[in-house]
Amino acid sequence: MKLLAGLLAAAGLAFADADPVLSVFQDIDALIASRPAKDARQIRDDDRRIEKMYERLRPLGARAVPPLSALALEAARPPKSRFWAVQFLARTKDPSALPALKAALADAKAPDYLRGEAASAIAGLRLPAHARRDALCAALDPALPAAVIGQLLANTAALGCSEAAPLIKSAKALGSRPRGTPARFAEAALRGLEKTAGPSGAEGLLELAEFYADGEPPKRAALTRLRSRRRALALLAPPS
């Protein structure tokens, strides 16, 4: 509660602006607390009910962001409740949600699913592509849990990075012969490199093409994307 009051004060908002948010999360917390003995079908039904609760907050617009941010970052709050705060921040799409989402993504004590949801939320904010790209690429770290780095790579696949280095490092950490889920992550890193502007994207694809073992699908994919990238660059080059 102290965190919530502090965020509201910093944003210049009255505590009363948080009332609808707190009311919704009282209902969410009650549903979550009643879940232990419920089956998977009941949990899915509850999740659908919670998703619809966002309609009670939609009229608040950006005013919902400070209280939702506080709830998302409240360490003592049940993780699933924090997850829904992140989800609702994502649904606002408001740029002012970025600091809280970056903090949730960086929270090593938070569950992987919450951090992954924060990554996806950042990608959907109403921000210039470079701002979303920079926030996601700055968070890329091979030491992250697989579920988190997977969400980061899935989102950078559509945006690219300002520099290729984070994508190269993440891809190499998956090994030269990735299989299964690591192979999907490697493919996402290659797509991100293809979207990375300037020569560093093509250089990154070449570096990974040389890194992957002969005959491996990621090597073929890197070479294919490199050829496509070179053709695009050739078409953009001014005539000599």
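Biologist: Partly exposed means between 20% and 50% relative accessible area; in this predicted model, is Arg58 buried, partly exposed or exposed?

Modeller: The side chain of Arg58 meets that of Glu55 in a salt bridge, with N to O at 2.7 Å, and Glu55 has 41% relative accessibility, which counts as partly exposed. Arg58 has a relative accessible area of 43%, so the class that applies to Arg58 is partly exposed.

Biologist: Which residue forms a salt bridge with Asp29, and where in the chain is that residue?

Modeller: Asp29 belongs to helix 2 (residues 19–33), and the pair links distant parts of the chain, 48 residues apart. Asp29 is partly exposed at 24%, whereas its partner counts as buried at 15% relative accessibility. Asp29, Glu74 and this partner are linked in a network of salt bridges. The closest N and O atoms of the pair are 2.7 Å apart, and the partner, in the loop between helix 4 and helix 5, is Arg77.

Biologist: Why do the buried residues of helix 6 lie on the same side, and what arc do they cover?

Modeller: In helix 6 (residues 98–106), the buried residues are Leu98, Ala100, Leu101, Ala104 and Leu105. They lie on the same side of helix 6 because the arc they cover around the axis is only 165 degrees. The face turned away from that buried side carries the exposed residues Pro99 and Ala106, so the arc asked for is 165 degrees.

Biologist: Which backbone oxygen does the side chain of Asn155 reach?

Modeller: Asn155 is in helix 9 and counts as buried, at 15% relative accessibility. Its side chain reaches, at 2.8 Å, the backbone oxygen of Gln151.

Conventions: Residues numbered from 1 in each chain as written. Predicted model: local features only at pLDDT ≥ 70, side-chain atom pairs only at ≥ 80, totals over all residues. Heavy atoms only, no water. Buried < 20%, exposed > 50% of the residue type's maximum accessible area, 1.4 Å probe, protein only. Helix = DSSP H or I, 4+ residues; strand = E, 2+ residues; numbered from the N terminus. Arc of directions from axis to C-beta. Polar contact = N/O pair within 3.5 Å; in protein donor to acceptor, adjacent residues only side chain to side chain. Salt bridge = Lys/Arg side-chain N within 4 Å of Asp/Glu carboxyl O.
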